[in-house]
Amino acid sequence: MADDSLIPVERIEKAILLIRGQKIMLDRDLAELYGVPTKVLNQAVSRNRKRFPEDFTFQLSQEEFEDWRSQFVTSNPAAKMGLRRKPYAFTEQGVAMLSSVLNSDRAIEVNIAIMRAFVRLREIIATHKDLARKLDELERKMGEHDQHFRIAFEAIRQLMIPPPEPDKKRRIGFARE
């Protein structure tokens, strides 16, 4: 299937974040993809509040907002990256609902691309889980006599572990002993 969408799936995947154990997209990223100001996107959601329950969209808490903002280096912390209020997060269902309140051809095409990105991420996660399950099965089948394979399986499992999140309060510069 050829992908002739407006926006590369990789760009969308980079905008998908994990907050509260859910894959979400922030209002500012969605607005940019849809080609509308963030304020316009949020006004459309506000006018259609019944379509966006708490499991479709929620506003980041102050702590989540600070954590998200701290991931970016800015030269002017007072500017708050141009944000006056905490952004709204949209789950996959919330993003799907946006197509019903943003009536444009671009909104439809962008929504299709975003839904494909969410599906692709789900497939990657499922493949990862399937690989772990198959490794477990192989390890059980081979028995205890082959330690070399056991070491290889453990190395593969270590490679499958996501890297740890960087320390938020990491000091810059040289440390004296």
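**Strand pairing, an aromatic contact and helix packing**

Within strand β4, Phe90 serves as the bridge partner of Thr57. This pairing is a convenient place to enter the model, which is a predicted one, with local features requiring pLDDT of at least 70, side-chain atom pairs counted only at pLDDT 80 or more, and totals for chains, interfaces and linings taken over all residues. Residue numbers start from 1 along each chain as its sequence is written, and side-chain values rest on heavy atoms, with hydrogens and water left out.

The chain holds 7 helices and 4 strands (DSSP runs numbered from the N terminus, H or I of at least four residues for helices and E of at least two for strands). Followed along the sequence, these elements give the pattern α-β-β-α-α-β-α-β-α-α-α. Of the 177 residues in the chain, 31% are buried (buried is under 20% relative accessible area, exposed is over 50% and partly exposed lies in between, with a 1.4 Å probe and protein chains only). Among contacts between residues at least 6 apart in sequence, 69% link residues at least 24 apart, where a contact means heavy atoms within 4.5 Å.

The 4 strands form an open sheet in the order β1-β2-β4-β3, with antiparallel pairing (two strands pair if DSSP finds at least two bridges between them). Strands β1 (17-19) and β3 stand at the edges with a single partner strand each, so one side of each has no neighbour in the sheet. On average, and with direction ignored, neighbouring strands of this sheet are turned by 45 degrees against each other; axes here are lines fitted to C-alpha atoms, for helices over the stretch in contact, and angles run from 0 to 180 degrees between N-to-C directions.

It helps to walk through the sheet pair by pair. At one edge, β1 and β2 are joined in the antiparallel sense by 3 bridges, and Leu18 has Lys23 of β2 as its bridge partner. The hairpin of these two strands has 2 residues between them, and Arg20 takes a positive phi near 55 degrees there. Most residues other than glycine have a negative phi. Arg20, in the loop between β1 and β2, counts as partly exposed at 43% relative accessibility. Further into the sheet order, β2 (residues 22-26) runs antiparallel to β4, and 3 bridges join the two. Leu26 is partnered by Ala89 of β4, while Ile24 is partnered by Thr91 of β4. At the other edge, β3 and β4 also pair in the antiparallel sense, over 3 bridges.

Phe90 contributes in a further way. What does a search of the whole structure find in the way of aromatic pairs? The search returns 1 pair, with Phe52 and Phe90 arranged edge-to-face at 6.1 Å centre to centre and 90 degrees between the planes. For this purpose, rings of Phe, Tyr and Trp (its six-membered ring) pair if their centres lie within 6.5 Å, with planes under 30 degrees apart counted as stacked, over 60 as edge-to-face and the rest as tilted. Phe52 belongs to the loop between α3 and β3 (57-59) and Phe90 to strand β4 (residues 88-91), so the pair ties together parts that are 38 residues apart in sequence. Both partners are worth a look for burial. Phe52 is buried at a relative accessible area of 1%, and Phe90 is likewise buried, at 0% relative accessibility.

Helix α2 connects the sheet to the helical part of the picture: α2 packs on the sheet and touches β2 and β4, its direction making about 60 degrees with that of β2. Helix α2 (residues 27-34) also packs with helix α3 (residues 38-47), at an angle of about 105 degrees and with axes 8 Å apart. The two helices are therefore roughly perpendicular (65 to 115 degrees; under 35 would be roughly parallel, over 145 roughly antiparallel and the rest oblique). Asp27, Arg28, Leu30, Ala31 and Tyr34 make the contact from α2, and Thr38, Leu41 and Asn42 make the contact from α3. By class, this contact has 4 nonpolar, 2 polar and 2 charged residues, with Ala, Val, Leu, Ile, Met, Phe, Trp, Tyr, Cys and Pro counted as nonpolar, Asp, Glu, Lys and Arg as charged, and the others, Gly among them, as polar.

Another residue of α2 is Glu32. Is Glu32 buried or exposed? Glu32 is exposed, with a relative accessible area of 51%. Leaving aside residues up to four places away in sequence, Glu32 touches Arg11 and Arg106.
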